[in-house]
Amino acid sequence: MRTAAADVPVRHPIGDRLPAIYAENDFTQRFTAALDEVIAPLFAVLDSFADYLDPALAAPDFLDWLCTWVAVESDEAWSAQQRRDMVGAAVATHRRRGTAPGIGGQLELLTGGQVEITDSGGCVVRAEHGGPLPGTDPGEVRVLVRVADPSAVDVAAVRAAVTESVPVHLRVTVEVVGGPAAEHTHGSGS
């Protein structure tokens with residue numbers, strides 16, 4: 001249901017700002033009153049522009065646009081609160097992107113659970129340029145998410161969030177379990 005323009009209060013009537021010769025003219029007052037009804041919604045939007053940019057106050061349909069502004073890939077399955085949390089944490093998330101704490105923080109916002117991340121770690125260096133990388137194991141990132149209700153977590157969305165944040169050659173394993181939450185670590189093991 002849309003609000004009619006006449007329902008928006010006119011906070012700054014144009015007729016009140018006119019010189020005295022026009023302020024006393026009935027036609028001019030009626031004409032400017034009609035303009036006030038048209039312009040009042042515009043002023044209302046401009047007056048509350050900062051609220052549109054605040055993820056805690058933004059309208060739900062504006063949240064997806066805010067997600068694009070801060071480079072957060074939103075999923076239509078996310079609730080409005082999850083979108084608000086992701087936009088609000090975007091700067092910190094981008095600062096730690098690709099690290100175990102960064103991925104863990106993002107997944108905690110998405111799932112509401114506690115996240116434990118382990119990776120195979122390691123670094124390979126060669127003295128000469130070109131050629132194949134030594135070794136055959138591409139490495140792995142394992143994610144364990146502990147939540148009260150595992151069926152409420154979209155495992156594919158969790159896997160996609162992790163895959164987007166780690167190097168492409170790494171295998172990603174995601175497990176969502178129920179029960180009591182373990183000590184929160186975001187740890188990285190070898």
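Which helices each supply at least two residues of the nonpolar patch? They are α3 (49–53) and α4 (60–69), and the patch gets its own view below. Everything in these legends comes from a predicted model.

**View 1. The whole chain, for orientation.** Before zooming in, here is the overall layout. The secondary structure comes to 8 helices and 3 strands. Reading from the N terminus, the elements go α-α-α-α-α-α-α-β-β-α-β. The chain has 190 residues, and 27% of them count as buried. Take the contacts between residues at least 6 apart in sequence: 60% of these join residues at least 24 apart. The accessible surface adds up to about 12500 Å², with 57% of that belonging to carbon and sulfur atoms.

**View 2. A nonpolar patch on the surface, built from α3 and α4.** The members here are Phe49, Leu53, Trp65 and Trp69. Put together, they offer about 440 Å² of accessible area. Helices α3 and α4 each bring at least two residues to the patch. Phe49 sits in helix α3, and with a relative accessibility of 43% it counts as partly exposed.

**View 3. Arg83 and Asp64, a salt bridge between two helices.** The search of the whole structure turns up 5 salt bridges. In the one shown here, Arg83 pairs with Asp64, and their closest N and O atoms are 2.7 Å apart. Arg83 lies in helix α5 (residues 80–88) and Asp64 in helix α4, so the pair ties together parts that are 19 residues apart in sequence. Are the two partners buried or partly exposed? Arg83 is buried, at 11% relative accessible area, while Asp64 is partly exposed, at 32%.

**View 4. Glu164 and Arg97, a salt bridge from a helix to a loop.** The side chains of Glu164 and Arg97 meet at 4.0 Å, N to O. Glu164 belongs to helix α8, whereas Arg97 is in the loop between α6 (90–95) and α7, so this pair ties together parts that are 67 residues apart in sequence. Glu164 counts as partly exposed, with a relative accessible area of 41%. Arg97 is partly exposed too, at 45%.

**View 5. Inside helix α7: Gly104 and Gln106.** Gly104 has its place in helix α7 (residues 100–111). What is its relative accessible area? The value for Gly104 is 0%, so this glycine is buried. Glu116 is 12 residues away from Gly104 along the chain, and the C-alpha atoms of the two are separated by 7.0 Å. Gln106 also has its place in helix α7 and counts as buried, with 12% relative accessibility. Setting aside residues up to four places away in sequence, Gln106 touches Met86, Thr93, Ala161 and Ser165. Of these, Met86 falls within the residue range of α5, and Ala161 and Ser165 fall within that of α8.

**View 6. The β-α-β unit, with β2 and β3 side by side in the parallel sense.** Strand β2 (residues 140–146) and strand β3 (residues 171–177) pair in the parallel sense over 7 bridges. Add helix α8 (residues 155–165), and β2, α8 and β3 make a right-handed β-α-β unit. Within the strand pair, Val145 stands opposite Val176 in β3. As a reminder, side chains in a regular strand alternate between the two faces of the sheet.

**View 7. Salt bridges across β2 and β3.** Staying with the strands, the side chains of Glu140 and Arg171 meet in a salt bridge at 3.9 Å, N to O. Glu140 is in strand β2 and Arg171 in strand β3, so the pair ties together parts that are 31 residues apart in sequence. Arg171 counts as partly exposed, with 40% relative accessible area. Which residues are linked in a network of salt bridges? Glu140, Arg142 and Arg171 are.

**View 8. Leu18, ahead of α1.** Leu18 lies in the segment before α1 (20–23). At 25% relative accessibility, this leucine counts as partly exposed. Gln29 is 11 residues from Leu18 in sequence, and the two are 9.2 Å apart in space, C-alpha to C-alpha. With neighbours within four places in sequence left aside, Leu18 is in contact with Ala23, Thr28, Gln29 and Thr32.

Key:
Residues numbered from 1 in each chain as written. Predicted model: local features only at pLDDT ≥ 70, side-chain atom pairs only at ≥ 80, totals over all residues. Heavy atoms only, no water. Pairing = 2+ DSSP bridges. Helix = DSSP H or I, 4+ residues; strand = E, 2+ residues; numbered from the N terminus. Right-handed = clockwise from strand over helix to strand, strands pointing away. Buried < 20%, exposed > 50% of the residue type's maximum accessible area, 1.4 Å probe, protein only. Contact = heavy atoms within 4.5 Å. Areas by Shrake-Rupley, 256 points an atom, 1.4 Å probe, with all protein chains shown as cover. Patch = residues over 30% accessible without salt bridge, like charges linked within 9 Å, V, L, I, M, F, W, Y side chains within 5 Å.
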